[in-house]
Amino acid sequence: MSANESPAGRQPTATYDSPFMKACRREPVPHTPVWFMRQAGRSLPEYRKVRAGVPMLESCMRPELVTEITLQPVRRHGVDAAIYFSDIVVPLKAIGLDLDIKPGVGPVVEEPIRTRADLARLRDLTPEDVSYVTEAIGLLTRELGPTPLIGFAGAPFTLASYLVEGGPSRTYENAKAMMYGDPELWADLLDRLADITAAFLKVQIEAGASAVQLFDSWVGALAPADYRRSVMPASVKVFEAVAGYGVPRIHFGVGTGELLKLMGDAGADVVGVDWRVPLDEAARRVGPGKALQGNLDPTVLFASTEVVETRTREVLDAAAGLEGHVFNLGHGVMPSIDPDALTRLVEYVHTHTAR
């Protein structure tokens with residue numbers, strides 16, 4: 001295999017030997033790579049300018065706009081990877097579900113999925129449904145060159161939570177009621193969503209994404225036994241569906257300290273860790289053979305530069321013995337974060353970890 005040829009028969013790629021990709025493969029890196037969840041978003045004034053007057057879902061369907069927004073944090077912060085600008089409900093919208101992203105609220109589903117008859121509304125996703133994704137990733141990979149592009153999708157549990165609740169929830173009472181009370185319907189719902197999610201990730205990989213992240217944002221609401229029984233099979237199905245492409249697969253959720261090993265066992269190459277569990281402890285829980293991603297508390301960035309650097313060193317020290325480490329926040333960039341704090345953070349991690 002040549003230096004720039006990736007496994008599983010994929011074409012040679014300029015991103016293969018990038019620090020991000022090496023870290024995901026648990027190989028030696030010149031410095032710890034950095035990217036941020038929600039780096040392409042509301043914290044950047046240039047983002048707010050180009051998004052002005054454009055609804056969120058519409059902005060996800062304009063290839064030139066997606067390209068510009070995805071590139072903005074790479075230009076400004078010098079991060080080691082771009083993440084495709086989209087939203088986890090885009091594939092659901094693409095198959096015809098009546099939903100919207102309401103400012104200040106989040107995804108709202110007009111008719112929640114509550115019965116077996118409702119499953120018929122979840123048809124298969126085809127590449128033609130999201131042709132704008134293929135076009136945007138083509139534009140992006142030409143612009144990014146050796147900088148990897150991370151594709152992503154929402155995991156079946158998190159998508160199901162939105163669909164069953166009809167919108168964001170703190171208790172997930174309707175979703176959990178279905179999971180506990182009608183486990184066959186729940187399993188069929190997650191299986192259907194696994195197929196849609198896998199199809200969406202395949203489109204992104206085939207268009208040129210170098211890695212993918214599965215966001216199970218709300219799965220931390222579950223006990224390990226419930227995750228293993230009622231959620232893990234669908235996540236396994238997603239990861240297995242894209243395994244043959246040979247791209248790194250990242251798995252992330254919030255409040256998932258008790259689920260970290262299971263999330264790795266579901267098929268991830270890299271396990272994302274929020275700020276609640278130190279990375280050395282997370283590595284013990286996950287076990288060998290996985291890289292870790294994380295995990296500075298995003299709110300630390302509101303403190304002084306000195307405090308940010310101190311807390312960043314703590315994260316890097318905890319990661320010192322890891323097989324592979326991708327530096328990130330423990331969740332997404334907050335809208336009111338000073339973008340310059342992110343730029344300084346990238347530079348600090350690169351400098352402090354230079355080998």
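This is a short walk through the structure shown above, going from the whole protein to a few single residues.

Hi everyone, thanks for coming. One thing before we start: what you see is a predicted model. Please keep that in mind as we go.

Let's begin with the whole protein. It has 15 helices and 9 strands. Its radius of gyration is 19 Å, close to the 20 Å that the globule rule gives for 355 residues, so the protein is as compact as a globular protein of that length. If you would like a box to picture, the C-alpha atoms fill one of roughly 55 × 45 × 40 Å along the principal axes.

How much of the protein is buried? Of the 355 residues, 59% are. As for contacts, take those with a separation of 6 or more: 72% of them come from residues 24 or more positions apart. On the outside, the protein exposes about 14,200 Å², and carbon and sulfur atoms supply 51% of that area. For those of you who think about charge, there are 36 positive and 45 negative side chains, and the centres of these two sets lie 1 Å apart.

Now to the sheet. A quick reminder: strands of a sheet pair through backbone hydrogen bonds, either parallel or antiparallel. Here, 7 strands make an open sheet with parallel pairing, and the order is E1-E4-E5-E6-E7-E8-E9. Which strands sit at the edges? They are E1, residues 82-83, and E9, residues 325-329, each of which pairs on one side only.

Let's visit both edges. At one of them, E1 runs parallel to E4, residues 149-154, with 2 bridges between them. You can find this pairing on your screen by looking for Ala82, whose bridge partner in E4 is Leu149.

At the other edge, E9 is joined to E8 by 5 bridges, again in parallel. Leu296 stands opposite Leu329 of E9 there. Is this edge strand open or enclosed? In E9, 5 of the 5 residues are buried, so the strand is largely enclosed by the rest of the structure. Both of its faces are covered: one carries His325, Phe327 and Leu329, the other Val326 and Asn328.

While we are at E8, have a look at Asn295, which belongs to that strand, residues 291-296. The peptide bond leading into Asn295 from Gly294 is cis, with omega near -10°.

Staying in the sheet, let me point out Gly272, in strand E7, residues 270-272. Its relative accessible area is 0%, so Gly272 counts as buried. Leaving aside residues up to four places away in sequence, Gly272 touches His251, Phe252, Leu260 and Gln293. The C-alpha atoms of Gly272 and Gly330 are 8.0 Å apart, although 58 residues separate the two along the chain.

Next, a hairpin. Strands E2 and E3 form it, with 3 residues between them. These two strands pair in the antiparallel sense over 4 bridges, and Ile101 stands opposite Pro107 of E3. In the turn, Gly104 has a positive phi of about 80°. Which face of E2 is covered? In this strand, residues 99-102, the covered face holds Leu99 and Ile101, while Asp100 and Lys102 are on the uncovered one.

We can finish with some loop residues. Two arginines share the loop between H1 and H2: Arg26 and Arg38. Both have a positive phi despite not being glycine, near 65° for Arg26 and near 60° for Arg38. How exposed are they? Arg26 is partly exposed, with a relative accessible area of 35%, and Arg38 is also partly exposed, at 45%.

My last stop is Ala221, in the loop between strand E5 and helix H10. With 28% relative accessibility, Ala221 is partly exposed. Leaving out residues up to four places away in sequence, Ala221 touches Tyr172 and Lys176. The C-alpha atoms of Ala221 and Thr171 are separated by 7.9 Å, with those positions 50 residues apart along the chain.

That's the tour. Thanks for listening, and I'm happy to take questions.

Conventions. Residues numbered from 1 in each chain as written. Predicted model: local features only at pLDDT ≥ 70, side-chain atom pairs only at ≥ 80, totals over all residues. Heavy atoms only, no water. Buried < 20%, exposed > 50% of the residue type's maximum accessible area, 1.4 Å probe, protein only. Pairing = 2+ DSSP bridges. Rg over C-alpha atoms; globule rule 2.2 N^0.38 Å. Contact = heavy atoms within 4.5 Å. Areas by Shrake-Rupley, 256 points an atom, 1.4 Å probe, with all protein chains shown as cover. Lys, Arg positive; Asp, Glu negative; His and termini not counted. Charge placed at Lys NZ, Arg CZ, Asp CG, Glu CD.
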